[in-house]
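Work through the exercises below with the sequence and the structure at hand. Try each task before reading its solution.

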Amino acid sequence: MPRATAAAAARTAQQVLDSAIDLFAARGFADVSLDDVARSAGVTRGAVYHHYRNKQGLFRAAVAQLQARVAASVVEAAGRAGDDPGEQLRAGSHAFLDAITAPSVVRILLVDGPAVLGWERWRLLDAEHSAAHLSEALGAVGVPDGLLDALAAQLSGAMNEAALWVARHDDASAAREQAHSALDRLLAAALT
């Protein structure tokens, strides 16, 4: 019986988290209450508190889950790119740009994330996920150790800014295409 209870609790926690992600993405952190999340998830506010303690805890969980999803997209794309480290870097970078510009992701990770969590905490989460994969890929293509951190930071910043630009653009499809073309140029220049 305890396993069923643990499984049910895990399902409830995930249901709350999924509802919170949808609401945070649609309205932003400031305009979502725990009552809103509870209603959307079909649970009591007490259940939300039980699983996430408070709104900050729920938002941290949302950021962590989305960071993990983005990183998984990067790893999957790089893996499909074959054995060439340059192609893996390119594929992973493009997958990052696509994953981070998804409507449910960009607002939470790039707009509200740094403001709500604080810059240092947000950077730590990024470093544990996509930034770590970027550094590994840059090392694999031969970027010297003395330049690795600086180049990873600059490429990461460029991709984050490109994602924000795509999200603000009236024609997201055209903007995404332009961002991918620009990303190819950046990667080519960085690796020469």
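The exercises that follow deal with pockets and aromatic rings.

This is a predicted model, in which local features need pLDDT of at least 70 and side-chain atom pairs count only at pLDDT 80 or more, while totals for chains, interfaces and linings use all residues. Residues are numbered from 1 along each chain as its sequence is written, and side-chain values use heavy atoms, with hydrogens and water left out.

**Exercise 1.** Describe the largest pocket and its lining.

Step 1. Recall the term: on a 1 Å grid over the protein atoms alone, a pocket is an open set of points where a 1.4 Å probe fits, with protein on both sides within 12 Å along at least five of seven lines; lining residues have an atom within 4 Å of a point.

Step 2. State the volume, the space filled by probe spheres set on the points. The largest pocket holds about 280 Å³. Of its 19 lining residues, V74, G92, H133, L134 and A137 are the closest to the centre.

Step 3. Assign the lining to helices (DSSP runs of H or I, at least four residues, numbered from the N terminus). At least two residues each come from α4 (55-80), α5 (85-100), α8 (130-140) and α9 (145-168). The most, seven residues, come from α8.

Step 4. Sort by class, where Ala, Val, Leu, Ile, Met, Phe, Trp, Tyr, Cys and Pro are nonpolar, Asp, Glu, Lys and Arg charged, and the others polar. The lining has 11 nonpolar, six polar and two charged residues.

**Exercise 2.** Which helix gives the most residues to the lining of the second largest pocket?

Step 1. The second largest pocket has about 160 Å³ of space. Its lining includes W119, W122, R123 and E161.

Step 2. Two or more lining residues come from each of α6 (103-117), α7 (119-128) and α9. With six residues, α9 gives the most.

**Exercise 3.** Classify the aromatic pair of F29 and F59.

Step 1. Rings of Phe, Tyr and Trp (its six-membered ring) pair if their centres lie within 6.5 Å; planes under 30 degrees apart are stacked, over 60 edge-to-face, and the rest tilted. The whole structure has four such pairs.

Step 2. F29 and F59 are 5.1 Å apart centre to centre, with 70° between the planes, and the pair is edge-to-face.

Step 3. F29 lies in the loop between α1 (2-27) and α2 (34-41) and F59 in α4, so the pair ties together parts 30 residues apart in sequence.

Step 4. Both F29 and F59 are buried, that is, under 20% relative accessible area (1.4 Å probe, protein chains only). Together with F24, they form one aromatic cluster.

Methods:
Buried means under 20% relative accessible area, exposed over 50%, partly exposed in between (1.4 Å probe, protein chains only).
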